[in-house]
Amino acid sequence: MSKKIKEIIALIVLICLLVASCGYLGYLLMPERTDFGAQWNMFLKEPNGSVDVLVVGSSLAYCDVVPEIINSQTGANSYVLGAPEMTMPIMYYYVKEALNTQSPKKILIEATSLLYEKYMGYSKVSIGYMPFGVNRLMA
């Protein structure tokens with residue numbers, strides 16, 4: 001094998017290691033999100049199949065929908081999975097990801113998301129806190 005080919009292979013390996021380590025460090029150093037909705041860490045701690053009603057949407061969803069009231073009036077366990085200025089394309093992938101662990105009987109979609117453009121100011125944040133996987137990459 002020529003020296004040139006060895007250098008190219010070494011460069012490719014170096015780039016792959018750099019990308020992998022940056023991704024892993026980003027995952028380790030990203031603070032847990034505890035405000036402005038999109039609390040995936042808490043959602044993933046819910047027992048599988050325990051959510052009867054899933055509410056998905058922008059800040060209007062997590063500021064105005066109170067799961068405890070839904071539970072006390074209907075007996076249905078609900079969860080609000082929202083993010084600021086959540087757009088419809090991101091909402092689609094949020095629902096797809098949520099269905100990996102939950103099987104809600106109803107999914108309520110907060111409709112002001114129809115008014116947002118494809119990407120808004122918080123789109124990067126909303127996607128960044130999703131669990132790593134195909135749905136996050138597609139969003």
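**Figure 1. Surroundings of Ser58 in the predicted model.** In this predicted model, Ser58 touches Ala83, Glu85, Met86, Glu110, Thr112, Ser113 and Tyr116, when residues up to four places away in sequence are not counted. Ser58 lies in the loop between S1 and helix H3, the latter covering residues 59–64. With a relative accessible area of 0%, Ser58 is buried. The C-alpha atoms of Ser58 and Ala111 are 8.7 Å apart in space, although the two residues are 53 residues apart in sequence. Glu85, one of the residues that Ser58 touches, is found in the loop between S2 and H5. Glu85 has a positive phi of about 50° although it is not a glycine, and at 25% relative accessibility this glutamate counts as partly exposed.

**Figure 2. Ser50 in the loop between H2 and S1.** The relative accessible area of Ser50 is 19%, and this residue is therefore buried, the cut-off being under 20%. A polar atom of the Ser50 side chain lies 2.7 Å from the backbone oxygen of Pro47. Leaving aside residues up to four places away in sequence, Ser50 touches Asn77 and Gln102.

**Figure 3. The salt bridge between Asp52 and Lys105.** A search of the whole structure finds 1 salt bridge, in which the side chains of Asp52 and Lys105 meet at 3.5 Å, taken from N to O. The pair links distant parts of the chain, with Asp52 in the loop between H2 and S1, Lys105 in the loop between H5 and S3, and the two positions 53 residues apart in sequence. The two partners can also be described by their accessibility: Asp52 counts as buried at 18% relative accessibility, whereas Lys105, with a relative accessible area of 70%, is exposed.

**Figure 4. Aromatic pairs and the cluster of Trp40, Phe43, Tyr79 and Tyr94.** A search of the whole structure finds 4 aromatic pairs. In one of these pairs, the rings of Phe43 and Tyr79 have their centres 5.0 Å apart and their planes at 70°, so the arrangement is edge-to-face. Because Phe43 lies in helix H2 and Tyr79 in strand S2, this pair ties together parts that are 36 residues apart in sequence. Both rings belong to buried residues, Phe43 at 0% relative accessibility and Tyr79 at 12%. A further pair is formed by Tyr92 and Tyr93, whose ring centres are 4.9 Å apart and whose planes stand at 80°, so that this pair, too, is edge-to-face. Within this second pair, Tyr92 is partly exposed, with a relative accessible area of 48%, whereas Tyr93 counts as buried at 15% relative accessibility. Trp40, Phe43, Tyr79 and Tyr94 form one aromatic cluster.

**Figure 5. Helix H5 and the elements that cover its buried residues.** Helix H5 spans residues 88–98, and its buried residues are Ile90, Met91, Tyr93, Tyr94, Val95, Glu97 and Ala98. The cover over these buried residues includes three helices besides H5 itself, namely H2 (40–45), H6 (123–128) and H7 (134–138). It also includes strand S1 (53–57), strand S2 (78–82) and strand S3 (106–109).

**Figure 6. A nonpolar surface patch that includes Val13 of helix H1.** Met1, Ile5, Ile9, Val13 and Leu17 form a nonpolar patch on the surface, and together these residues have about 510 Å² of accessible area. Val13 is found in helix H1, which runs over residues 3–29, and with a relative accessible area of 45% this valine is partly exposed. An α-helix has 3.6 residues a turn, so residues three or four places apart point the same way.

**Figure 7. The protein chain as a whole.** The secondary structure of the protein chain comes to 7 helices and 3 strands, which follow the pattern α-α-β-α-α-β-α-β-α-α when read along the sequence. Of the 139 residues in the protein chain, 33% are buried. Among contacts between residues at least 6 apart in sequence, 79% join residues that are at least 24 apart. The accessible surface of the protein chain comes to about 9,100 Å², and carbon and sulfur atoms account for 65% of that area.

Definitions and conventions:
Residues numbered from 1 in each chain as written. Heavy atoms only, no water. Patch = residues over 30% accessible without salt bridge, like charges linked within 9 Å, V, L, I, M, F, W, Y side chains within 5 Å. Areas by Shrake-Rupley, 256 points an atom, 1.4 Å probe, with all protein chains shown as cover. Salt bridge = Lys/Arg side-chain N within 4 Å of Asp/Glu carboxyl O. Helix = DSSP H or I, 4+ residues; strand = E, 2+ residues; numbered from the N terminus. Buried < 20%, exposed > 50% of the residue type's maximum accessible area, 1.4 Å probe, protein only. Contact = heavy atoms within 4.5 Å. Phe/Tyr/Trp six-rings, centres within 6.5 Å; stacked < 30°, edge-to-face > 60°. Polar contact = N/O pair within 3.5 Å; in protein donor to acceptor, adjacent residues only side chain to side chain.
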